[in-house]
Each structure stands twice: as C-alpha cells, then as structure tokens.
Amino acid sequence: MPETSAVYPGSFDPITNGHVDIIERGLEVFDRVVVAVLKNPKKRPLFTTKERVRMIQEIFASKREVEVRAFDGLLVDFARAQGTRVVIRGLRAVSDFEYEFQMALMNRSLAPDIETFFMMPSVAYTFLSSNVVREVAGLGGSVEGLVPAPVLRKLRSKITGSKKVQIP
Ligand code: ADP
C-alpha cells in the first residue's frame, strides 16, 4: 500500500499540547505527518522560525513519522512539494469554524486535488491557544500541563530573560 501523508500547517508560536494532540490523532490516520511551520505569521512571533521548528523536532524526536519543516508561500504548493494531498487543521470551537471554512474552500479553489481534514482535540485542550500561552506565561502565570516540556523550558528562558518576570 502506498504511504499516506498529511501536512499540518500553523504558526506554532509556540506549539501547545492541543497541537500535539492533533498531530498524534493525525498519526492514527496517516503514515506520515509533516508539521509545517509558517515562517512569517502576520503578528511578530515570540519565537523565531528556527526555535519553533527545533522545539517541535525535540518533542517528536522519537517519532520518525513526524517531519518538521518551515514554509512560506501558498500552502497548497507546499503540500504538493511534500507529495501529499491532505491538509490537517484543528477545530476547537465554533469560533475557529468561520476562518477555517474560508481557508479550506480557498485552498480547494486553488487546488481541487487537495483535501482539508478537520480534527477535534481532547476536550481538555479546546480552550487552549498559543496566544493564551504567550499571554499567561508573559504575565508570570504557570502554563505547566498546557505545553510540552521543551516549550516550558524555552518560555522560561525567553520571558525571564526579556521581561524579568518569573514563570513558575
Ligand atoms: P494559526 O496561526 O493559523 O491560527 P496555529 O498555529 O494557532 O495556527 O494552529 C494551527 C492549527 O492548529 C489550526 O488549525 C488551529 O485551529 C489548530 N489548533 C491550535 N490550537 C489548538 C488546540 N488547542 N486544539 C486543537 N487544534 C488547535
């Protein structure tokens, strides 16, 4: 049987346990998941592209079926270059729906051969976003249990280094 694969794109600034949950669910369905880290998200990222890629690589170091790549440009072009026809996106709540619906249909009009798969995370992660993690950590709150250990370490050094606040 040919190998099945999917691309999971996002900013991952930083990757959270919600993203990890979606990647693990993706691995139940696809042989290979390519995590595609957007190089230039609209907002100025907290972590550089290299840092975001490295953290994800560290988290999935033991899983050869997870590849991490930085990308910019059109997602459908990137997906094709990776030899995949599937894009995975996570859906947390109704609030995600409108944007995701727009993107999926725009990508379909650009590339009818590429399909978007939506996956729901565990209920525990439906409230979780990179944005909330950045805000809470920046104000000195604990984000333990919300992000993988390498992210926790990196957040501690980045935020204590720049703003002199403590993250427990
Ligand atoms: P973007 O910058 O495009 O919003 P993100 O990096 O935040 O992307 O997320 C990438 C994908 O992961 C999106 O489809 C987003 O909806 C999904 N996602 C983000 N956080 C979670 C979560 N806690 N549970 C499930 N999916 C999530």
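A residue counts as near the ligand if one of its heavy atoms lies within 4 Å of it. The model shown in these views is predicted.

**View 1. The shell around the ligand.** The ligand is surrounded by 16 residues. Y8, S11, G90, Y125 and L128 are the closest. Sorted by class, the shell holds seven nonpolar, five polar and four charged residues.

**View 2. Polar atoms facing the ligand.** Two backbone atoms and one side chain appear here. A polar backbone atom of G90 is 2.7 Å from an oxygen atom of the ligand. At Y125, a polar backbone atom lies 2.9 Å from a ligand nitrogen atom. H19 brings a polar side-chain atom to 3.2 Å from an oxygen atom of the ligand. On its own, the ligand has 540 Å² of accessible area, and the protein covers 87% of that.

**View 3. The pocket and the elements that supply its ligand shell.** The largest pocket is where the ligand sits. Two strands, β1 (5–10) and β4 (86–90), each give at least two residues to the shell around the ligand. Helices α1 (17–29) and α4 (94–110) also supply at least two residues each.

**View 4. The chain that frames the site.** The chain has six helices and five strands. Along the sequence they follow the pattern β-α-β-α-β-α-β-α-β-α-α. The C-alpha trace spans about 50 × 35 × 30 Å along its principal axes. The radius of gyration is 16 Å, which agrees with the value near 15 Å for a compact globule of 168 residues.

How values were computed
Residues numbered from 1 in each chain as written. Predicted model: local features only at pLDDT ≥ 70, side-chain atom pairs only at ≥ 80, totals over all residues. Heavy atoms only, no water. Polar contact = N/O pair within 3.5 Å; in protein donor to acceptor, adjacent residues only side chain to side chain. Areas by Shrake-Rupley, 256 points an atom, 1.4 Å probe, with all protein chains shown as cover. 1 Å grid on protein atoms, 1.4 Å probe; cavity = no way out; pocket = protein on both sides within 12 Å on 5 of 7 lines; lining within 4 Å. Sits in = over half its atoms within 2 Å of the grid points. Helix = DSSP H or I, 4+ residues; strand = E, 2+ residues; numbered from the N terminus. Nonpolar A, V, L, I, M, F, W, Y, C, P; charged D, E, K, R; others polar. Rg over C-alpha atoms; globule rule 2.2 N^0.38 Å.
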